[in-house]
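Q: Please take a close look at one chain of this assembly and describe how its parts fit together. A connected account, set in the context of the neighbouring chains, would be welcome.

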Amino acid sequence: MGTVHSAAIEPYRARLFVEDEIVKDAEITVGVNHRGVERIMEGLPVEKANSLTEKICGICSGVHLWNSVLVAEKGLEIEIPERASYIRIIVAELERIHSHLLYLAHGNEVLGHETFSMRLFYIRETVMELLRMIGGNRVQYGVPIIGGVRPRAELDEMKTQKIREGIDYIREKVKEFADRFTSDPMIMSRITGICPLSRKDALRLAVTGPTLRATGVEFDLRREMECYDPFEFDIITQDDGDVKSNLLVRVFEIFESVKIIRQALDNLPEGAVVDRSWEMQDTDITKSYVEAPRGTLYHSYALEDGRVRNVVIRTPSMANIGAMQHALIGHHITDAQLGIVQCDPCFTCTDRAIEIVKI
Amino acid sequence: MEHILGAIGTIIIGFIVSLWLPGLERKLIHARIQQRIGPPISSPGIMAPLKFFFKQTIKPYSPLPRLYNSLPLIGLLSVFFILLFTLPEAYHLGALASIVAIVGFLKIEEVIYVFMGSLSKSVMSLRMPFPDLAKGAKHPNVQRSFLEDISAMRAFRLIAFGSFPLYIALFIPAVISRSIFLGDIVAYQQINGPILFSVAGVIGAIVFFIGYIILLNEYPFVIIKAKADVIEGPYMEYAAKWRALIYIMRGFLMFTLAILFSVLFLGMPPTIFTWGILVNILVAVLFPMLMASFSAFAPIFTFKQFYPVTFGATILGVVALLAAFI
Amino acid sequence: MGIRSYARARAIHAMLVYTGGCNGCDIEIVNAVFSPKYDAEQYKIFLTWNPREADVLIVTGPVTKQNEKPLKEIYKAIPEPKLVIAAGACALMGGVYKNIHGDIPSEEIAGPVEKIIPVDAKVPGCAVRPEDVLSGVVSILPKLLEAK
């Protein structure tokens, strides 16, 4: 299945070795999408480099920017005000909601169910409107900056009220959708037991994120992050690692995100949102990890004279997609297509290479 | 003379009604269920084929382009003949106006999918240029196949299993009225009332409905042209006027099968000079709408679900046959 | 207008090709067609994935070197009359990947879409808004209707 295909939003190439329509072996080739982002970032001033990381991916753009800003703040040892941290978390959780809704809608489209896909896209519009209200743009909103949050993203009474209404609406509609979805025998027979990934395989192949949680391992990076300490949420796991488990994990994670946003809105502390009283120094390579909607995201770079050096970015989809090659074996082609989509692949994030020297 | 005028008039009316059917299905049912405003009613059925007539004709990428291009015409002709032989003016033609002939023409219409699939080699499947051919090379020297070949094999299986429900449903009225000729079936129903109003008839109608969906390749039985993996299946290389023929053939098939239902189960052959034609048009409009409301809520069935469902429908058909004997 | 332009105006098939990039424009366009809020089917624009069936080609993303030949092949496979719409900042001028002027320029971008296939309409934005894409398609229609 070539680079442009109806079920794949991004270009990649999947070679399936098929015998009588059952997949015997699979090979997913990435690399068509390579833009050399790490290479272009070399030598840019810090703020410009941060704004470039946002354009790596259109779906998870907020977490890329957040992580990149965290690297700079860790290296320069800047303390940001608490209100800024809460606002950053609200935006990150809203992004998680919209990314999971996109995954559900796309999964339904691959399944063949256009009606559910359209209903989910309609629910997703609410989140886009909220993000546009906070950040200014629907897709790349650019809320975190070094030192805090952009002053435009300040939340006043009216905006908090709108966010509350928005997430109540989302929670109600997604609950209805989940009840309807799981009680439909045609869909359930199509997704149960398809392309399972066992727990041992998942740990061996370095899978992260909701795909790992769907196989039964309880690991959520948000518990390790300092800024998530005041919030209380559950880690969602399912058992089988097949398509049904992946879908259900993400549906329940939407509910958890709604819980976190409600807690953040209730306890929003007062104060400034940005702290510009820091000064630029040279730093060594600092690393930062964050929980993106697809798994663990890693950024690292060093600062030299205000410019960025030695960027390394590693996205979760890189390992998840590789693990999917393993899970596809033994299934029918149409199910295999569903199996590739089940790990929520983001091929645009994945294409990366470190190429400082040209041969 | 009157007979011939009546036949031509009925066919023309059938053709005109069938042009509106895809639009009705898309706007009134699919769009309403998906909570959006759909396209205007004339767009998918009439305006789309018309627009395709005005596009540049290209040579399809295929080993036998002229055969590939003529396949929709063969399909359209076979559907046309089915409609022709349900007209009462054609009943005196003997064996051509019987259930056996109709089964034969439906077979032709199904078999052309297999040919279309194996003859179409589109750019979207294998000819898409990619820098390397054998990266990783776990299994070198393996034959690479086009997406449409998979579709052709699936169409083959669909012919083998998927046509059972419709064919059994076609034979139920024949068993009840003790004859396979359409003229006798209609005459039997003029005397004893429509077959639909008996136990065997009701079950037969349900089986016919399921067979209708399978034959038209609508969701959930859409595996030969599922958007998820074979993009469009056998139709990939059609452009310009041949694609227009595909669209028209689909609308025509929807109409013709509904007319077949009204002849076999309701006993109302289409004649333009009586009010019965309105009943026929009503059935022709109702069937696609029912089918669309069922298919809007169904995912694509893979073979794992397809076999049990078809098997169940076949058993139901056999039960109806037995009930007809009693 | 004659029957030809009338028929062409009432059923337009659009095909979407995504050639590398960040994915944002692509999702916004799929949003425009697949979501009930910006439903493009009410404007008689149908989405298709088959170049033989398409009239309008919507290209997003800066064309990476490995996607250059596929894009040309798909463009050749569409029968006349055809239109091309380049949507998004990346498709118009290489976007942020070509123009950020760091120390080392990117080598993987084969240039904006204009260098590879002729473009009829340009829709700016990063990411492009669905309503802009729809108005772009609608504004280019007279060229399609009057073409031979």
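A: The account below concerns chain B, followed by its partners.

The model is a predicted one. Chain B contains 11 helices and zero strands, and from the N terminus on its elements therefore read α-α-α-α-α-α-α-α-α-α-α. Its radius of gyration is 21 Å, close to the 20 Å that the globule rule gives for 326 residues, so chain B is as compact as a globular protein of that length. Taken along the principal axes, the C-alpha trace of chain B spans about 70 × 45 × 45 Å. Of its 326 residues, 52% count as buried. Among the contacts in chain B with a separation of 6 or more, 79% join residues 24 or more positions apart.

The packing of two helices can be followed in detail. Helix H9 of chain B covers residues 240-266 and helix H10 of chain B covers residues 276-295; the two pack at an angle of about 120°, and their axes are 8 Å apart. That angle makes H9(B) oblique to H10(B), and the crossing of the two helices is right-handed. On the side of H9(B), the contact is made by Met254(B), Phe255(B), Ala258(B), Ile259(B), Phe261(B) and Ser262(B). H10(B) contributes Val279(B), Asn280(B), Val283(B), Ala284(B), Phe287(B) and Pro288(B). By class, the residues of this contact divide into 10 nonpolar, two polar and no charged. The spacing of such contact residues can be read against a general rule: an α-helix has 3.6 residues a turn, so residues three or four places apart point the same way.

Two single positions add to the picture of chain B. Gly204(B) lies in helix H8 of chain B. With 31 C-beta neighbours inside 10 Å, Gly204(B) counts as buried, because the cut-off for burial is 20 or more. Leaving out residues up to four places away in sequence, Gly204(B) touches Ala169(B), Ile172(B), Phe265(B) and Ala320(B). Of these contacts, Phe265(B) falls within the residue range of H9(B), 240-266. Gly204(B) and Tyr219(B) are 15 residues apart in sequence, and their C-alpha atoms are 21 Å apart in space.

The second position, Glu232(B), lies in the loop between helix H8 (199-216) and H9 of chain B. Glu232(B) is buried, with 24 other C-beta atoms within 10 Å. Ser151(B) is 81 residues from Glu232(B) in sequence, while the C-alpha to C-alpha distance between them is 8.9 Å. When neighbours within four places in sequence are left aside, Glu232(B) is in contact with Lys225(B) and with Asn50(C). The contact with Asn50(C) leads from chain B to chain C.

At the boundary between these two chains, 23 residues of chain C are in contact with 31 residues of chain B. The elements of chain C that give two or more residues to its side are helix H1 (3-10) and helix H3 (68-77). H3(C) provides the largest share of that side, five residues. The side of chain C that touches chain B divides into nine nonpolar, three polar and 11 charged residues.

Chain C also meets chain A, in a contact that takes 34 residues from chain A and 35 residues from chain C. On the side of chain A, the elements that give two or more residues are helix H1 (37-41), helix H2 (46-53) and helix H5 (114-135). The largest share there, five residues, comes from H5(A). The residues on that side of chain A divide into 16 nonpolar, 10 polar and eight charged.

Chain A itself may be set beside chain B. Chain A has 13 helices and seven strands. Its radius of gyration is 20 Å, close to the 21 Å that the globule rule gives for 359 residues, so chain A is as compact as a globular protein of that length. The C-alpha atoms of chain A fill a box of roughly 65 × 55 × 35 Å along the principal axes. Buried residues make up 57% of the 359 residues in chain A. Of the contacts in chain A with a separation of 6 or more, 71% are between residues 24 or more positions apart. Helix H11 of chain A, residues 317-327, is mostly covered, with eight of its 11 residues buried; among them are Ile321(A), Met324(A) and Gln325(A).

Definitions and conventions:
Residues numbered from 1 in each chain as written. Chains lettered and ligands numbered in written order. Predicted model: local features only at pLDDT ≥ 70, side-chain atom pairs only at ≥ 80, totals over all residues. Axes fitted to C-alpha atoms, helices over the stretch in contact; angles between N-to-C directions. Helix = DSSP H or I, 4+ residues; strand = E, 2+ residues; numbered from the N terminus. Parallel < 35°, antiparallel > 145°, perpendicular 65-115°, else oblique. Left-handed = near helix turned anticlockwise from the far one by under 90°. Contact = placed C-beta atoms within 7 Å. Nonpolar A, V, L, I, M, F, W, Y, C, P; charged D, E, K, R; others polar. Rg over C-alpha atoms; globule rule 2.2 N^0.38 Å. Buried ≥ 20, exposed ≤ 12 C-beta atoms within 10 Å, placed from the backbone.
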